[in-house]
Amino acid sequence: MSDSEYLCPGQRHPIDRAVHLGRLAAFYPPCRACPHRHDAGSLSPRQHEQRRELEAVGPPPSAFDSEGLCGVLGNQVTPELVRRVAAAFAVETQASRAENEGIKGPTLLLLAGDGRAGTAELVAAACEGLRWSDCDVLDLGATTSAGLAMAVAQFDAAGGLYLGNAGFEPHRASVRFWASGPRPISAGPALDRIRKRSDAKAERTSRTSGSVSRASVDPTYWSLVAEHYHALRPLRILVDSASGPWLDDLQRLAATVACPIVPCRAARGDLARQTRAAEAHLALCVDGDGETCVVWDEWGRPVPTERLLVLLASDLSSQGEVAVVLEASAPSAMVRKLERLGVRVTVAESARAAMSAAMFEQSAVLGGGPSGRFWHPLAGVPLPDALMTLTRLLVALSRGDEPLSEVLDRAAPLG
């Protein structure tokens, strides 16, 4: 058997037998569907038994989830898979524009990543896939999911693709899609078509490749957030952020109002102790996309997302009648609490696409629920943005000198 015959499922380049055997011994997931998996060399009897158990389970689950692609970096989410998925997204975007809007010709798609060394290769593969499908690519470099989404609106792009980590585990990677508007793409017909196109052999729509250029995130996004950073209390904030760009943005903003930011990397259980040791006014843990966050008060006690949402809604409602969108999984008691505040409440499914649509339809000032993903309108565009979540919280705390725990007890009491 020649080396060229060893080709891992879903990959384009052959490997030699030593790599093939090494991947078998390490239980590399694609090996479960490999036609050469029975060429197992000198694996131990125990390893053979474990392989048989895995094969009985069936092929590994799809890396697609309800919001896009998500899995172990370099294992489930590989450059080759990302290239195919990006090409499928580009082809689907072009087909949708032609069918629904009658628009044909050059299509501009934006691309951004979270800045991790591990995702750099994925960003390059995504760029290749988008260009292969004859789409022009504008590479924004490292930013957050919200930064990419705002840029889709600012550049009037047909959509955007974000390579990040929609979670808190550093060894994972995700791909999230944005349509024009911007509107996130979640489970439904559009995401199903992208998945099916990525599974099938892609067909080129043109013999040419799209162009690639680079730009920075439009300063409009920065200015919309920065306008809230005045007359704030000098609150000390402990931050565990899986998003480097998110933390960079926060440090730049906080420096203008003398809010000390204490970066840390801690297990969830240890964040409470570190909050007290740092004498922080609050602590925050942010996911790799900069969308989702978890908050701790000055005592190191986790703040339930329901209480945090009621607190933010209460502060916003003090300025007049407002609309808030709640995730359907939120407890009914939340609806009653918000209605007692005079808030107009709409309930939507927790999927990003559903929450975005409801925020648009209701002209809501806030959205969220148990997921920890809070939505905020910026220039009329609803975005899931942990930076604005923290910003709104700082504004609410700066209306007095009470600690977070007391503000919560007053504005969002338990029960």
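Guide: Two strands count as paired here if DSSP finds at least two bridges between them. Helices (H or I, at least four residues) and strands (E, at least two) are DSSP runs, numbered from the N terminus. This is a predicted model, in which local features need pLDDT of at least 70 and side-chain atom pairs count only at pLDDT 80 or more, while totals for chains, interfaces and linings use all residues. Residues are numbered from 1 along each chain as its sequence is written, and side-chain values use heavy atoms, with hydrogens and water left out.

Visitor: What makes strand 12 and strand 13 partners?
Guide: Strand 12 (residues 293-296) and strand 13 are joined by 2 bridges, which meets the cut-off of at least two, so they pair. They run antiparallel, with Val295 opposite Val303 in strand 13. Their hairpin has 5 residues between the strands, and Gly300 takes a positive phi there, near 80 degrees.

Visitor: And how do you know that strand 11 pairs with strand 12?
Guide: Strand 11 (residues 282-286) shares 4 bridges with strand 12, in the antiparallel sense. Here Leu284 is the residue opposite Val295. This hairpin has 6 residues between its strands, and Gly290 in the turn has a positive phi of about 75 degrees.

Visitor: Which strands stand at the edges of this sheet, and why call them that?
Guide: The sheet is open, with 5 strands in the order 10-9-11-12-13 and mixed pairing. Strand 10 (261-263) and strand 13 (302-303) each have a single partner strand, so one side of each lacks a neighbour in the sheet.

Visitor: Which way do the residues of strand 12 point?
Guide: Cys293 and Val295 go one way, Val294 and Trp296 the other. These four are buried (under 20% relative accessible area; exposed is over 50%, partly exposed in between, with a 1.4 Å probe and protein chains only).

Visitor: Why is Cys285 called buried?
Guide: Cys285 has 5% relative accessibility, so it falls under the cut-off. Cys70, at 17%, counts as buried as well.

Visitor: How do you know whether Cys285 is bonded or free of a disulfide?
Guide: A disulfide is a pair of cysteine sulfur atoms within 2.5 Å. The closest cysteine sulfur to that of Cys285 is in Cys264, 8.1 Å away, so the gap is too far for a bond. The whole structure holds 0 disulfides.

Visitor: What makes helix 5 an enclosed one?
Guide: Of the 10 residues of helix 5 (residues 145-154), 8 are buried, so the rest of the structure largely encloses it. Among those buried are Leu148, Met150 and Val152. Asp156 follows helix 5, with a positive phi near 50 degrees.

Visitor: How do helix 3 and helix 4 pack?
Guide: Helix 3 (residues 79-101) meets helix 4 (residues 117-132) at about 35 degrees, with the axes 7 Å apart. The contact (heavy atoms within 4.5 Å) includes Val82, Ala86 and Phe89 of helix 3, and Leu122, Ala126 and Trp132 of helix 4.

Visitor: And the chain overall: how many helices and strands does it have?
Guide: The protein chain has 14 helices and 18 strands. Of its 415 residues, 52% count as buried. Among contacts between residues at least 6 apart in sequence, 66% join residues at least 24 apart.

Definitions and conventions
Axes fitted to C-alpha atoms, helices over the stretch in contact; angles between N-to-C directions.
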